[in-house]
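This report introduces a structure to a reader who has not met it before. Please keep the sequence and the model in view while reading.

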Amino acid sequence: FIKASVLAGENCEDEMLPVAGQTNSTKSAFEMLQEDRKNLPIYPYRDELLKAIEDHQVLVIVGETGSGKTTQIPQYLHEAGYTKHGKVGCTQPRRIAAMSVATRVAHEMGVKLGHDVGYSVRFEDCTSEKTVLKYMTDGMLLRELLGEPDLASYSVIIVDEAHERTLSTDILFGLDMARLRPELKLLISSATMDAEKFSNYFDAAPIFKFPGRRYPVDISFLPAPEADYMDAAIVTVLQIHVSEPLGDILVFLPGQEEIENVEETLKSKIRGFGTKIRELIICPIYANLPSEVQAKVFEPTPEGARKVVLATNIAETSLTIDGIKYVVDPGFCKIKSYNPRNGIESLLVTPISKASATQRSGRAGRTGPGKCFRLYTAFNYQNDMEDNTVPEIQRTNLASVVLALKSLAIDDLLHFDFMDPPPAEALVKALELLFALGALNKLGELTKVGRKMAEFPLDPMLSKMIVASEKYMCSDEIISIAAMLSVGSSIFYRPKDKQVHADNARMNFHTGDVGDHIALLKIYSSWKETNYSTQWCYENYIQVRSMKRARDIRDQLERLLERVEIKVTTNLNDLDSVRKSIVAGFCAHSAKLEKNGSYRTAKHPLTVHIYPSSGLSKVLPRWVVYHEHVLTSKEYMRQVTELKPNWLVEIAPHYYQLKDVEDGASKKLPSAIGRTPA
Ligand code: ADP
Ligand code: MG
């Protein structure tokens, strides 16, 4: 019995794992797994570690990546009886790591995923009443704390990958979970970085450090900088493939797009070589990759072939891929940055830190001596790279954690025990936004609206849009839109050879210049009318996988509506109501048309443009609200909807005054651009 398991078909249910003692062949596979477990570097320290856990409430555990911290420690605790009186929860910074590691551990224990071992990530709970080892994202544990403030159902919490210093991990640290219950064990586990800092922060908690197996890695730099790191990566991979002994290659790339590009080029080059070179198996791995494809990177490389793994920095510490002998490190990653002045968050390709570079090169020396090819110069390394990556809390929008902390009755944020405090400006900005959304009152106290918003595992602007839909009687439409927005940009399928067809299909949903949010609603409703037809998706160049995910998310949002006692009501004949709900959520994202066809944001003036693929990019309404901001060649607004400026004053009177939206310049606009909604 799987509790509220979303995507169960994909990840939970059809996973039939071998059970110990079933048949001869599965038994030997199971036994082999047990042998593997005993060969991990952590194994000789098993008893000593359990003793230390018994003796101390809080323990910092430090060990090399791949030594067995994530997969073994929860199993040791289970074997030692900790799961008799509560669960062992183990947090991961990334959903893909939580899912992959849980799958592996279920396998090692010979149990079905979702039963004794499960995982819980946003919008997907693959656990049951029986679950005793629970892998989850750090964000999910934070949400669980909202519902179970003393974590009574847990006997041990492991904050794993602590060195990643994600926003949620840092907040969990500050909440000081050890003080909740004296018998709750708290383990902080980290790769070999910053152990003293963690220990100091947790009142001089003891550090349990065990040696990993590390073989020498020969590191080389480029003699001169390379202009195109992707090109350089491809050339390096091919050079390794033709001139170095067998052994798999791991290439670090900033994101999905870069991985897809490199994959395509590599494939065509390999085809060009024909049978002159040996087989090169290309395995991409990034967070949004479907789980069947993800599993491919863990499959052993066939005899005589070589595997090249194209990974985001997920492979730096979160996932261990065995058999890597060569690492290609272009020295970049995609990193979030936040400007508290204008409230804009962007994802930028940025040089990595020295600590990251060390982790990356270490991936080559896990099972034998290896080589790391750094595609930057030694000078760059010395002079252009920071020692450590700036923790996320110092470069992100804090609105959702401030809302979470307020719901935990933590009001004095300036004195919250942050390991590294966020910029005061970012805190103020978050409070300001929550006030604008009506989640906080003038005194900074949580309102009824704020309490409802906090129930949704979404950005506060989206949560507010949903909560506001009650008033406009259109919650049915709004949760469809919210689900579609949460799926992100992967809804449309746009193959290179059929781009015109794909674009035409997309524009069909935009008839009447309704705006992108309404177009998303139309797509969802049309798909639903066809009874969720896959054929319909093909015909309309829509990714069926994304649609299914949207449906799962929508189902969950519907359940959450019930929890906050908002009725599901539909108001399809009045699209203005739908738009007003959107404005209620995104009032801080309004922008006004300028004479030259660009836009100016209303509150913190900035020049922005409508994203080219938007249905409104040729219409140019006078006023818009947008879902998100993206920076590519220009500053763009993505997912745009038209509004009447007086709505801003009507809907968010404490945030907008008439003078903000008065539109003196509009009369001078050429008639081709600038219009009011019909
Ligand atoms: P750590 O957390 O210390 O970095 P892990 O416990 O994640 O180490 O991994 C220990 C070992 O377990 C890895 O070296 C690898 O051999 C194996 N392993 C982990 N996850 C998987 C997986 N999804 N598939 C196959 N093997 C895995
Ligand atoms: Mg780990």
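Strand 12 is covered on both faces: R306, V308 and L310 on one side, and K307, V309 and A311 on the other, are all buried. A residue counts as buried if 20 or more other C-beta atoms lie within 10 Å of its own, as exposed if 12 or fewer do, and as partly exposed in between, with C-beta atoms placed from the backbone. Helices (H or I, at least four residues) and strands (E, at least two) are DSSP runs, numbered from the N terminus. Because six of the six residues of strand 12 (residues 306-311) are buried, the strand is largely enclosed by the rest of the structure.

The model is predicted: local features need pLDDT of at least 70 and side-chain atom pairs count only at pLDDT 80 or more, whereas totals for chains, interfaces and linings use all residues. Residues are numbered from 1 along each chain as its sequence is written, and chains are lettered from A and ligands numbered from 1 in the order in which they are written.

**Strand pairing**

Strands of a sheet pair through backbone hydrogen bonds, either parallel or antiparallel. Two strands are taken as paired if DSSP finds at least two bridges between them. Strand 12 has strand 10 (residues 248-252) as a parallel partner, joined to it by four bridges. Strand 11 (residues 280-285) also runs parallel to strand 12, with six bridges between them. The table lists pairs of residues that face each other across such bridges.

| Residue | Partner | Strand named |
|---|---|---|
| F252 | A311 | A311 in strand 12 |
| I282 | V308 | V308 in strand 12 |
| C90 | I158 | I158 in strand 6 |
| I158 | L187 | L187 in strand 7 |
| Y599 | V608 | V608 in strand 19 |

**The annotated domains**

An unreviewed UniProt entry annotates residues 236-409 as "domain: Helicase C-terminal". UniProt positions follow the numbering used here, feature names are shortened, and annotations may be inferred rather than shown by experiment. This span is 32% helix and 27% strand, and its end C-alpha atoms lie 54 Å apart. For residues 50-211, the unreviewed entry gives the annotation "domain: Helicase ATP-binding". Here the chain is 36% helix and 24% strand, with the end C-alpha atoms 16 Å apart.

**An open sheet of eight strands**

Eight strands form an open sheet in the order 4-3-5-2-6-7-1-8, with mixed pairing. Strand 4 and strand 8 (207-209) are the edge strands, each pairing on one side only. Neighbouring strands of this sheet are turned by 20° against each other on average, direction ignored; the axes are lines fitted to C-alpha atoms, for helices over the stretch in contact, and angles run from 0 to 180 degrees between N-to-C directions.

Which residues of strand 6 are buried or exposed? Six of the six residues of strand 6 (residues 154-159) are buried. Strand 2 (residues 87-92) runs parallel to strand 6 and is joined to it by five bridges. Strand 7 (residues 185-190) likewise pairs with strand 6 in the parallel sense, over four bridges. Strand 6, helix 7 (residues 167-175) and strand 7 make up a right-handed β-α-β unit; right-handed indicates that, with the strands pointing away from the viewer, the path from the first strand over the helix to the second runs clockwise.

**The surroundings of ligand 1**

Of the 16 residues around ligand 1, K69, T70, T71, R104 and F298 come nearest. A residue is near a molecule or strand if its C-beta atom, placed from the backbone, lies within 6 Å of it. Helix 4 (69-79) and helix 5 (95-109) each supply at least two residues of this shell, and helix 4 gives the largest share, four residues. By class, the shell has three nonpolar, ten polar and three charged residues. Ala, Val, Leu, Ile, Met, Phe, Trp, Tyr, Cys and Pro count as nonpolar, Asp, Glu, Lys and Arg as charged, and the others, Gly among them, as polar.

**A closed barrel and two loop residues**

A closed barrel of five strands runs 17-18-19-21-20, with mixed pairing. Its neighbouring strands are turned by 50° against each other on average, direction ignored. Strand 18 (residues 599-601) and strand 19 (residues 607-610) run antiparallel and are joined by two bridges.

L620 lies in the loop between strand 19 and strand 20 (623-631). Its phi is near 50°, a positive value in a residue other than glycine. L620 counts as buried because it has 20 C-beta neighbours inside 10 Å. F123, in the loop between strand 3 (117-121) and strand 4 (124-126), has a phi near 65°, also positive in a residue other than glycine. F123 is partly exposed, with 19 other C-beta atoms within 10 Å.
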